[in-house]
Amino acid sequence: MKQQVPIIIGLVFGMFVIVSMFITGVPFLEQTKDVLNDWFLIAQAWAVAVGVVNLTQIHMRNVNMKRENYGFSIWLIICMYGMAIFGIFIAKSPNHEGWKLMYNDIIAPMNATVYATLVFYIGSAAYRAFRIRSAEAAVLLVSALIMMLGSVPLGTMIFGEWIADAATWILEVPNSAAMRGIQVGATLGAVATALRILLGIERGHLGGVGE
Amino acid sequence: MKIAEGQVFSLIALIIYCVAVVVMISRARKGMKLPELYKVPGLEALDEAIGRCTEMGRPLHFSPGIGGVDNAQTLAALSILGYVARECARYDTDIIVTNRITVVYPITEEIVKQAFMEEGKIDRFRPENVRFISEDQFAYASGVTGIMYREQPAANILVGAFWAESLIFAEVGAIAGALQIAGTANTHQIPFFVAACDYCLIGEELYAASAYLTREPILLGTIIVQDWGKMFAAACMVIGTILVTFNITWLGDILGK
C-alpha cells in the first residue's frame with residue numbers, strides 16, 4: 001500500500017501531463033496541467049523547510065558535540081537564519097539595498113569564485129589524463145592541443161589558419177557525431193525510465209530497486 | 001481537440017515505443033528468454049567500490065546530481081542509490097549522501113533508511129549521513145568539496161544530472177584518493193568524468209543501471225526495446241543523410257510533422 005498509492009498517483013498525473021503535451025484545444029487538459037505545475041512548485045517550496053531542518057540538525061549537533069571546526073557550523077546557522085529573517089521581516093523585497101548588498105556583493109562573488117576554481121581543476125584533470133600512456137590519451141592530448149591552439153589568436157599566428165579550421169572540424173564533425181549518438185541513446189533511455197516509473201515497474205525512487 | 005503542431009510523428013513514435021515496451025514486459029513475465037546485456041564496467045565496479053570502503057574503514061560518498069525529481073537522470077540515480085545503500089548496509093559501511101535539491105533529499109533519506117531496514121541493520125542507519133547541502137549550485141559544490149576533504153571517502157559515486165560542478169567533484173575525489181564511478185547523460189559533462197574518474201557510465205548506461213543491477217527480466221525487457229529504438233534512430237539517420245544528399249526530403253518531412 002505504501003508503494004502502490006504513489007505509483008497510482010504518478011501514473012494518473014504523469015499520463016495527464018504527457019497527453020496535455022500532445023493534445024491542444026482542450027481547456028480542461030490545459031487548466032489541469034497548469035494546476036499540476038502549480039502544485040509541483042508549492043511542494044518544492046515546502047520541501048525547502050525540510051532542507052533547513054536537516055541543516056540545522058546536523059550543524060547544531062556539530063556545535064553541541066564541539067566537533068572539529070564547529071565554528072563554521074555556528075557561522076552557517078547565523079548566516080542561514082540571519083538572511084532568512086532579514087529577507088522576510090526587514091527587506092521584504094529583492095530591491096532592498098541591504099538585500100542587494102548580501103546577494104550581489106557577497107553571494108554572487110562567492111559563487112563566481114567557486115566557479116573560477118574550475119580552471120585549476122581542468123588543469124589537474126588534463127595533467128592526469130595526459131599522463132596515462134595509452135592510444136586514447138594520445139588522441140585526447142592531440143585533439144585538446146589543436147582545440148586550444150585553434151581557439152586563440154596566438155595559435156593561428158604561429159601555425160596559420162589551418163589550425164583554426166582543424167579545431168572547428170574536430171568540434172563539428174567527430175565531436176558532434178559522438179555527442180548526438182550519446183544523446184539518441186540517452187533520450188530513449190530517459191523515455192524507457194519514465195515509462196518504467198509510470199507503470200510502477202521501477203521503484204528505486206520509492207526505496208527499493210525495481211521489485 | 002487536435003494534435004499539437006510538429007508533434008504528430010513524436011506521438012506516433014511514443015505510442016509504438018510504449019506498446020513495444022508493454023509487449024516485452026508481458027513476454028518477460030511469461031518467462032521468454034532475453035538476450036544477455038553487455039558488461040558495463042562502471043556498474044560492475046560498484047561492488048569493488050563498496051568493498052574498498054569496507055576494507056579501508058572509510059565512508060562512501062554518493063551524489064545523485066543536481067537535477068530535480070522531474071529529471072529522469074535523478075530517478076535513475078536513485079535506483080543506483082538503492083542498490084549501493086543496501087550493499088553498504090550489508091557490509092556495515094558508512095554511506096554519505098549529499099543533496100542539492102530539497103525535494104530529492106527526503107527521498108534519498110528514505111531510500112537509505114529502507115536499505116538498512118531491509119538488511120536488518122536499522123540501528124546502523126545514521127540520518128546525519130544523508131545531508132542537504134544547499135539549493136545553490138556552487139554552495140553545494142563547496143559543501144561536497146569540504147566533506148570530501150574532511151571525511152576522506154574511499155569511494156565517490158557521482159550519478160545523475162551534473163553541470164559545471166562535475167569536474168570539481170571528480171577532481172576533489174581524486175585528490176582524496178577515492179575510487180570514482182561517475183555517470184551522466186549530460187553530454188557536455190561526460191568528457192570531464194571520462195578524464196577524471198576511474199569508471200564512467202555514458203548516457204543510456206545510466207538508465208540501464210536498475211535492470212543491470214537487479215537482472216529483473218521485466219526491466220531487461222525494456223532495455224531491449226531501448227536498443228530497437230536506437231537501431232531505428234540510426235537507420236533514420238543513415239537513410240535520411242543519403243536521401244538529403246540526393247535532394248529527397250520526404251523522410252525529413254515525415255519526421256518533422
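Q: How many other C-beta atoms lie within 10 Å of A:T56?
A: This is a predicted model, where local features need pLDDT of at least 70, side-chain atom pairs count only at pLDDT 80 or more, and totals for chains, interfaces and linings use all residues. Residues are numbered from 1 along each chain as its sequence is written, while chains are lettered from A and ligands numbered from 1 in the order written. A:T56 sits in helix α2 (residues 27-64) of chain A, helices here being DSSP runs of H or I with at least four residues, numbered from the N terminus. A:T56 is partly exposed (buried takes 20 or more neighbours within 10 Å, exposed 12 or fewer, with C-beta atoms placed from the backbone), because its count is 15.

Q: How far apart are the C-alpha atoms of A:T56 and A:L76?
A: Along the chain, A:T56 and A:L76 are 20 residues apart. In space, their C-alpha atoms are separated by 9.0 Å.

Q: What separates the centres of the two domains of chain B?
A: An automatic or database domain assignment sets the bounds. For chain B, domain 1 is 8-36 + 217-255 and domain 2 is 41-207. Taken over C-alpha atoms, their centres lie apart by 32 Å.

Q: How far does α1(B) reach from its first C-alpha to its last?
A: Helix α1 of chain B covers residues 8-29, which makes 22 residues. The expected span is 1.5 Å times one less than the number of residues. For α1(B) the actual reach is close to that expectation, at 32 Å.

Q: Which residues of α1(B) are buried, and why do they end up on the same side?
A: The buried set is B:V21, B:M24, B:I25 and B:A28. They share a side of α1(B) because they cover an arc, taken from the directions from the helix axis to the C-beta atoms, of only 100 degrees.

Q: Which exposed residues does the opposite face of α1(B) carry?
A: The buried residues of α1(B) pack against α8 (161-198) of chain A together with α10 (217-245) of chain B, contact meaning C-beta atoms within 7 Å. Turned away from that buried side are the exposed B:I15, B:V19, B:V23 and B:S26.

Q: At what angle do α8(A) and α3(B) pack?
A: From α8(A), the residues A:A190, A:T193, A:A194 and A:I197 meet B:A72, B:L75 and B:A76 in α3(B). The axes of α8(A) and α3(B) (residues 72-90) are 9 Å apart. Axes are lines fitted to C-alpha atoms over the stretch in contact, with angles from 0 to 180 degrees between N-to-C directions. For this pair, the angle is about 65 degrees.

Note on methods:
Helices (H or I, at least four residues) and strands (E, at least two) are DSSP runs, numbered from the N terminus. Two residues are in contact if their C-beta atoms, placed from the backbone, lie within 7 Å.
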